[in-house]
Amino acid sequence: MKQISKQFAACAALVAACITAPAMADPVPNASSPGIAAKLIVRGTLEGVQVTDLRSQRKNDVMVVQAETVNLTNRDVRIYYRFRWTDAAGMQVGDGEVWKPLMILGQQSQFIKGTAYGPQATDFKIEMSAEPR
Amino acid sequence: MKRISSLSKSCALVVLLGLTLTACQTKLSQPTVSLARQTTYGDTKAVETVTNEFGSTDLQMIAEKMVGSLLEDPVLANRPTMTLTGVRNKTSEYIDTKSIMNTIQTALVKSRKVKFTRSADEMQQGVDELQRQNQSGLYKAQGKAKVGNMSAAKYSLEGEIVSIVKQSANTKDVFYKMTLKLYDIEDGSIEWQDEKEIRKTSKR
């Protein structure tokens, strides 16, 4: 009886390892630094895509943000993104942006850019979602 | 032999259990609208890929790009007056270009960076109201809108949308390009211009 339970435990460990293996194979963090990560709202994982650079400036008194995304895998990944703009009190500015699709080929880098709806916007977050192709 | 058989049985049981657990794991959905045989209220900001004809996502992406580009430009520094003129539809589809321009106008008005004057389409209603206030004899002088005080637009926003369609036996590729120009009405020069390109490919 003891032997059967040992065998059962060994098999269970093997199956658990197999089930979690795909998740373990995707260790790419969504952002290259904690500062960038704080500006992202990611649904699940970015499937190997990483935001490596994030910068913002005010042009004509309107906030403009640019992020560089890099696909660190060899697979093509389609991401969906949109910017969320907030005012000094943390309230949303505008009605919310449309989700924008962007195909990033394996090992490719792409810029994404957003412009706030007006001078009221003082802060932002980037909402992202990804699907493997 | 008995031991091997019991080992394989227990392994099969665990594998079955593992597979059942895997099947129960829910995948995250994507912000897309897919063709489904039911009606639901969906996310108006989701990426619509029901067909590859001009759709809501194209309209919204064009408007966002144009508004963002205009707001960044110093041409809007002193809150100028602007009016809308037509957008020529040079595609093979019916596209309500007025709707694109209305979305752009809404965002620009809400930004408080531009003042829009009545477009040619909207002028008659304004003239009718002015005549009613000034010629009907119904209104007292105080607070009456006077004739001759309308602000003229410094700039006019106009453009065109074109498409290139390529089709093979099982693939259809549509390329849209929307060009928008901001003309200085007095001297006729272009003060700002931008384009938005969209490629949509579908397979049977």
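Chain B of this predicted model splits into two domains: domain 1 takes in residues 43-117 plus 153-204, while domain 2 covers 120-151. Look at the numbering and you'll see that domain 1 comes in two stretches. Measuring over C-alpha atoms, the centres of domain 1 of chain B and domain 2 of chain B are separated by 33 Å.

**The sheet in chain B**

Let's turn to the strands. Chain B has an open sheet of 5 strands, and the order across it is β4-β3-β5-β6-β7, with mixed pairing. Which strands stand at the edges? Those are β4 and β7 of chain B; each has a single partner strand, so one side of each is left without a neighbour in the sheet. Helices pack on this sheet too. α2(B) touches β6 and β7 of chain B, and its direction makes about 155° with that of β7(B). α3(B) touches β3, β4 and β5 (155-167) of chain B, and its direction makes about 155° with that of β3(B).

Now zoom in on one pair of strands. Strand β6 (residues 171-184) of chain B runs antiparallel to strand β7 (residues 190-203) of chain B, and the two are joined over 13 bridges. You can pick out residues that face each other across this pair: B:Lys177 is opposite B:Glu197 in β7(B), and B:Thr179 is opposite B:Glu195 in β7(B). The hairpin of β6(B) and β7(B) has 5 residues between the strands, and there B:Gly188 has a positive phi near 75°.

B:Phe175 is another residue to find in strand β6 of chain B. Is it buried, exposed or partly exposed? B:Phe175 has 14 other C-beta atoms within 10 Å, which means it counts as partly exposed. Leaving out residues up to four places away in sequence, B:Phe175 touches B:Ser163, B:Ile164, B:Glu197 and B:Arg199. The C-alpha atoms of B:Phe175 and B:Val162 are 8.3 Å apart, with their positions 13 residues apart along the chain.

**A helix with a buried side**

Helix α3 (residues 97-111) of chain B has 15 residues and reaches 22 Å from its first C-alpha to its last, close to the 21 Å expected. Its buried residues are B:Ile100, B:Met101, B:Ile104, B:Gln105, B:Ala107, B:Leu108 and B:Ser111. Why do they end up on the same side of α3(B)? They cover an arc of only 165° around the axis, and that puts them there. Here's the general idea: an α-helix has 3.6 residues a turn, so residues three or four places apart point the same way. The buried residues of α3(B) pack against α2 (56-72), β3 (81-89) and β4 (115-116) of chain B.

**Some positive phi angles**

Most residues other than glycine have a negative phi. Here are some residues that go the other way.

| Residue | Phi |
|---|---|
| B:Arg112 | about 60° |
| A:Asp61 | near 70° |
| B:Arg79 | near 45° |

Where do they sit? B:Arg112 comes just after α3(B). A:Asp61 is in the loop between β2 (49-59) and β3 (62-71) of chain A, and B:Arg79 is in the loop between α2 and β3 of chain B. A:Asp61 counts as partly exposed because it has 14 C-beta neighbours inside 10 Å. B:Arg79 has 11 C-beta neighbours inside 10 Å, so it counts as exposed.

Methods: Residues numbered from 1 in each chain as written. Chains lettered and ligands numbered in written order. Predicted model: local features only at pLDDT ≥ 70, side-chain atom pairs only at ≥ 80, totals over all residues. Domains from an automatic or database assignment. Pairing = 2+ DSSP bridges. Helix = DSSP H or I, 4+ residues; strand = E, 2+ residues; numbered from the N terminus. Expected span 1.5 Å × (residues − 1). Buried ≥ 20, exposed ≤ 12 C-beta atoms within 10 Å, placed from the backbone. Arc of directions from axis to C-beta. Contact = placed C-beta atoms within 7 Å. Axes fitted to C-alpha atoms, helices over the stretch in contact; angles between N-to-C directions.
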